[in-house]
Amino acid sequence: MVAKIIVVAIVFVLFTYLFKRAAGSLSFSKLNMISVLYYYILVFNLAGASLVYIGARNHYIIQAIKSEEVIHVTYWILVYTVLMFPAVLIVMKRIYIRNLPVRKIEAYIAGRTFFAGNRMAIQGIVIVLTAICILAIGYVTGNIGYVPIFEAFKEGADPAVLRQAAGRSFSGNIYIKNIIMIYLTPFLSYYAYIMMRLTRTRFWYMFFPFLFVLSIFVVVYDLSKAPVINYMLGLYLIEVLLGGVKNNKKFYGLVALGILIILFYYVFMLSQGAAIFSIYSGPAGRIIFSQIAGLFLHVRIFPLEHPFLHGASFTHWYQFIIPAASNRRSARIVMEIFNPEGVQQNTAGVMNTVFTGEAYANFGIAGVIVAPVIFGIIIGFIAYRIPGFKKTATSVLFYAEMSLLYISMVEGGFVDIFYSVSVIMTMAFVLLFKFMSDSGNRRYI
């Protein structure tokens, strides 16, 4: 036990040191794309895996892991991931600073932000896009037949069933649901917030609160918990980029708000009494253990209970490179094996975990070895390139949105780093707003 605790402590120190070098700062008041990933990996992956490695194994998913070998192999897979990933980021950082005219992330955050463009044209396009989002919200809720978060308050309602019904049982156009409603609405609210801070005009002071309410509805309508935290994190990150965070008080306020939201879910809809205060169940268990438990299940299941996927998790578009590509996500397969009854009854969806899990499920140890290298190169390319751009409303929007997307990729799956509709949409809308910002009087903050 003592030896394991020493190992865990050493890993934590190395992990923090490497991310500090990669991010420049881990301060909450100077939060950036890399430091956000540090805290997410620490809280949702490394903390739980370390506790399991030491011996804390009473979480209901971890109890399904009977093999001590699986526990050890999984922990060291994660250790390799969380150390190699920031090490590659450091290499990318050195390459950029030495070879391209880029600023350090800290300098980019501290720099002044300006907006230049046709304000009336931008307001017009935001109004049109918002109207489209409202129509999409009406279409999705109409297709489902009810609003899950409202339905959950009715007597006898099962939140788990309602949540799955809003997802896998949705029979409408998934592009309207996922791209226009779920993605575009919060995206527009971020842009409205930036414009409100930059221009300080009445239009944006009135329009942002409206988009904020729409966005909150969109991220909680299906009883999901994490999206609302991520949405609030996005607003905080934008505030940091705009220079509005001078100390950590605002971050602590954000954390307190997040805790209240999670407790609201569990107390009123998703929990069974005092279990919410247990480290193994309720919000603490969900945050610390549930996410990383998926990695332990991946190692247990592949290849003993299910053969390696050999690239089947990639979308069909990759079949010319990977013949097996068929969009068979490992997170779904793991859930089907771990909880077949839940899948059959539409109360269980996927068993997401850190990206290394899907890399292992597809390519075994070879996937584990290359996954953090690929993630480090691609994320480093964006994280260290954006500071080379002028700090404008669109570059701040792009930086914040890509930070959130990379969080979802790190916590979602290996193949998402190669193809993401959200990334394509982000680039398209950022370019649209940038195109409309090529002329006009500049305004600095």
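Lys4, Arg57 and Glu68 are linked in a network of salt bridges. The model in which this network appears is predicted, and a search of the whole structure finds seven salt bridges. Within the network, the side chains of Glu68 and Arg57 meet with an N to O distance of 2.7 Å. Glu68 lies in helix α3, whereas Arg57 belongs to the loop between α2 (33-54) and α3, so the pair ties together parts that are 11 residues apart in sequence. Both partners fall in the intermediate class of accessibility: Glu68 is partly exposed, with a relative accessible area of 36%, and Arg57 is partly exposed, with a relative accessible area of 22%.

The remaining member of the network, Lys4, is placed in helix α1. Apart from residues up to four places away in sequence, Lys4 touches Tyr53, Ile54, Arg57, Glu68 and His72. The side chain of Lys4 also reaches the backbone oxygen of Tyr53, at 3.4 Å.

Two further salt bridges can be described individually. In one of them, the side chains of Arg300 and Glu305 meet at 2.9 Å, N to O. Arg300 has a relative accessible area of 18% and is therefore buried, the limit for that class being under 20%. Glu305, by contrast, counts as partly exposed at 41% relative accessibility. In the other, Arg332 is paired with Glu336, and the closest N and O atoms are 3.6 Å apart. Both residues lie in helix α13 (residues 330-338), where a separation of four residues corresponds to about one turn of the helix. Arg332 is buried, with a relative accessible area of 18%, while Glu336 is partly exposed at 33%.

At the level of the whole chain, the secondary structure consists of 17 helices and two strands. Of the 445 residues in the chain, 54% are buried. Among contacts between residues at least 6 apart in sequence, 76% join residues at least 24 apart. The chain exposes about 19400 Å², of which carbon and sulfur atoms supply 66%.

In soluble globular proteins, nonpolar side chains tend to be buried together. In the present model, the largest nonpolar core has 143 residues. The residues with the most contacts inside this core are Phe15, Phe19, Ile34, Tyr191, Phe375, Ile379 and Phe433. Helix α3 (residues 68-99) gives the most to the core, with 14 residues; Glu68, described above as a salt-bridge partner of Arg57, is also located in this helix. The surroundings of Phe433 illustrate the packing within the core. When neighbours within four places in sequence are left aside, Phe433 is in contact with Ile125, Val126, Leu129, Phe187, Leu188, Tyr191, Thr394 and Leu397. One of these contacts, Tyr191, is itself listed among the residues with the most contacts inside the core.

Nonpolar side chains also occur at the surface. Val2, Ile6, Ile10 and Leu14 make a nonpolar surface patch of about 370 Å². Leu14 is placed in helix α1 (residues 2-23), the helix that also holds Lys4. With a relative accessibility of 40%, Leu14 counts as partly exposed. Helix α1 therefore carries the partly exposed Leu14 of the nonpolar patch, together with Lys4 of the salt-bridge network.

Definitions and conventions. Residues numbered from 1 in each chain as written. Predicted model: local features only at pLDDT ≥ 70, side-chain atom pairs only at ≥ 80, totals over all residues. Heavy atoms only, no water. Core = buried A, V, L, I, M, F, W, Y, C linked by side-chain atoms within 4.5 Å. Buried < 20%, exposed > 50% of the residue type's maximum accessible area, 1.4 Å probe, protein only. Contact = heavy atoms within 4.5 Å. Patch = residues over 30% accessible without salt bridge, like charges linked within 9 Å, V, L, I, M, F, W, Y side chains within 5 Å. Areas by Shrake-Rupley, 256 points an atom, 1.4 Å probe, with all protein chains shown as cover. Salt bridge = Lys/Arg side-chain N within 4 Å of Asp/Glu carboxyl O. Polar contact = N/O pair within 3.5 Å; in protein donor to acceptor, adjacent residues only side chain to side chain.
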